[in-house]
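Thanks for coming. I will talk about one helix first, and then about some charged pairs. Please look at the screen.

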Amino acid sequence: LKHALADQIEAHLNLLPEYSGKIIFSFSNISASAMEAAARRFEKKQTDIIGMVCDSGPGIDFFQSSYNLVKYQFEENSFLLRLIKTPLIAYGWSKSLNKDVSNDLNKFPDDFPILSIRGWRDRLISPESIDKIFEPHPNLKWRKLNLPEASHVNGLRDFPSEYIPEVQS
C-alpha cells in the first residue's frame, strides 16, 4: 500500500508539470508515501517540490503504530485479534515497515524544509517515533510544531491558533 500511494502522489504531482512551487502536505504514515514520491522526483533532478508539511507522522515504529491503530482507532478489544490484525496491517503497508524512509530522505536536497507537526497525546504515532525518522538526516532543514494537547491529526481542528501560523510560515 505504501508504494501504491507513492505512485498516486507522484501522478498527482505530475498533473501540473509547469508549476514549480509545490508543497506536499501529508498526514500520518501516508507521509512516508509522500516522501517516497518526492525522493523519486529528486533522483530525476526535478525541483518542483519546495517544501513539505507532515502532520502526525510518519513514524519509524510502524509495527507499534499498526497495533495502536487496531487497538485505539478500530477499537479492537480482543487481544488475540489485535495480535492477528497487527501484522496484516503492518506488512500490508510495506514489508520494510517504514525502515526505507531513511533512504528516501537521503535523496532530499540539502536544507530541504519540512515542518513536522505532532500531538503529544497521539496514541497512534508517538512524537519520539516521528523524531526517529527525521533526526538522522542533517541534510534536512526540519522543525517541529509540538502541540501538547493534540492527538492524532486533530491539530488544525482543535488548535488552529498555533497550527495555522506555523503552516503559513
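What covers the buried residues of α4? Before I answer, note that this is a predicted model. The cover includes α1 (2-13), α2 (30-43) and α3 (62-73). The buried residues in question include Arg 82, Thr 86, Ala 90 and Trp 93. The helix itself runs over residues 79-93, which makes 15 residues. From first C-alpha to last, α4 reaches 21 Å, close to the 21 Å expected at 1.5 Å a residue.

Now the charged pairs. Side chains of opposite charge can pair when their charged atoms come close. Searching the whole structure gives 16 salt bridges.

Take Lys 2. One salt bridge joins Lys 2 to Glu 36, with the closest N and O atoms 2.7 Å apart. Lys 2 sits in helix α1 and Glu 36 in helix α2, 34 residues apart, so this pair links distant parts of the chain. Both Lys 2 and Glu 36 are buried. Lys 2 also meets Asp 100 in a salt bridge, at 3.3 Å from N to O. Here the partner lies in the loop between α4 and α5 (101-106), 98 residues from Lys 2. Asp 100 is buried as well.

These residues belong to a network of salt bridges that links Lys 2, Asp 7, Glu 10, Glu 36, Arg 40, Lys 44 and Asp 100.

One last pair: Lys 22 and Asp 48 form a salt bridge, their closest N and O atoms 2.7 Å apart. Lys 22 is in strand β1, while Asp 48 is in the loop between α2 and β2 (49-55). Are these two residues buried or exposed? Lys 22 has a relative accessible area of 7% and Asp 48 has 8%. Buried means under 20%, so both count as buried.

Definitions and conventions
Residues numbered from 1 in each chain as written. Predicted model: local features only at pLDDT ≥ 70, side-chain atom pairs only at ≥ 80, totals over all residues. Heavy atoms only, no water. Helix = DSSP H or I, 4+ residues; strand = E, 2+ residues; numbered from the N terminus. Expected span 1.5 Å × (residues − 1). Buried < 20%, exposed > 50% of the residue type's maximum accessible area, 1.4 Å probe, protein only. Contact = heavy atoms within 4.5 Å. Salt bridge = Lys/Arg side-chain N within 4 Å of Asp/Glu carboxyl O.
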